[in-house]
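Dear colleague,

I am passing on the structure we spoke about, with the sequence alongside, and would be glad if you could look through it. My notes on what was found follow below it.

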Amino acid sequence: MTLRNFIAVAALAMTAATASAQKTCAYLFTYFTGNAPEKEQICYAISEDGWNYTPLNNGQPIIASHDIARTGCVRDPHILRGKHGWFYMVVTDMKSSLGWSSNRGMVLMRSKDLVNWKTSTVHFPERYAGTMFEHVTRVWAPQTIYDERTGKYIVYFSILTNDGSCPYDRVYWAYANKDFTDLEGEPQLFFDMKSASIDTDIVRDDEGLYHIFFKTEGSRQKGIKQFIARDLYDGRTWELQPGWCQDTDKQVEGSGVFRLCDGNWCLMYDCYTSYHYQFCVSTDNLHTFHRVQDTQTSGLFTPRHGTVIAITAKELKRLQKAFPNTQP
């Protein structure tokens, strides 16, 4: 073998190794654990199959809520693998012991390594003084999606106000600024079901269609509904799907949808009155969902309303090193 051929083969091997290292092979679950200050914290769990999870850091928080939130507590973490090597997380800035209409904003978080996070708060009464958003009594379950059209990140969330301008939970959205430290301009109405809607989760499939999941609170049966849309900005393209997404008759909240490494999709949700998480699979591109298993919330693993992303082998090792389990 000539030196030139050897260099070429080595370069191909290095490229293959790099591609293999970047291939997602495991999963990271971000969640909080309960309705108490010591439990309203961000925790991590990992999985190799997407269904069964092991908490990291002995089940303890990976970042202290009192360091990042105005209330000293956070809930409903949503994590997103963004562009250019960034990860984004948004969480509800809320202490439930103050009541279900006690939160006034959110925490925005950005990281390069899933370990160290830069954080900032958006407190609506101050940020939007003089507008309807000054009167929010809750800003629930913020989430983020990348907007291919503008190259910006959309943050969407439900709000309720005490001045009558938003008399039931409606879903609003705003762009995040470049540094992911604030929202740009006043939030805009995303959609209105004419009754309370919360816990929105949006993913985009391989055909470029958006799947918009949300929990309806105002109907006789509460549960997870889905829109399918070609254009997020044009409500005329939104098609409300029949029936309910959850594969259970139990009360559910906090739907989270993520891509499995085998190409299928998982829909998970918090069966919050039954003390377990339920995981469903979709093999038909997010049209139907079938229960795979119920994951009991006990011991160190008691997840509430969280989200999952697929991670690489390198990222998995980094997390295990940063947040090791030292207890048997």
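What follows concerns one sheet and two nonpolar cores.

Please bear in mind throughout that this is a predicted model. The sheet is an open one of four strands, in the order β4-β5-β6-β7, and its pairing is antiparallel. Because β4 (74-81) and β7 (118-123) stand at the edges and each has a single partner strand, one side of each is left without a neighbour in the sheet. From one strand to the next, the twist averages 20°. For β7, the pairing with strand β6 (residues 105-111) is antiparallel and runs over six bridges, and within this part of the sheet M106 stands opposite V122 in β7.

The largest nonpolar core has 25 residues, of which L28, I42, Y44, M109, L114, W117 and L319 touch the most other members. Two or more residues come from each of β1 (24-32), β2 (43-47), β4, β5 (87-93), β6, β20 (304-312) and α4 (313-322), and β5 gives the most, with three residues. In soluble globular proteins, nonpolar side chains tend to be buried together.

If you would like one residue to start from, W117 may serve: leaving aside its neighbours within four places in sequence, W117 is in contact with Y44, I62, I63, I79, F87, Y88, M89, M109, R110 and S111. There is also a second, separate core of 22 residues, which includes W86, F133, V155 and C166.

With best wishes

Key
Residues are numbered from 1 along each chain as its sequence is written. This is a predicted model: local features need pLDDT of at least 70, side-chain atom pairs count only at pLDDT 80 or more; totals for chains, interfaces and linings use all residues. Side-chain values use heavy atoms; hydrogens and water are left out. Two strands pair if DSSP finds at least two bridges between them. Axes are lines fitted to C-alpha atoms, for helices over the stretch in contact, and angles run from 0 to 180 degrees between N-to-C directions. A nonpolar core is a set of buried Ala, Val, Leu, Ile, Met, Phe, Trp, Tyr and Cys residues joined through side-chain atoms within 4.5 Å. Buried means under 20% relative accessible area, exposed over 50%, partly exposed in between (1.4 Å probe, protein chains only). Contact means heavy atoms within 4.5 Å.
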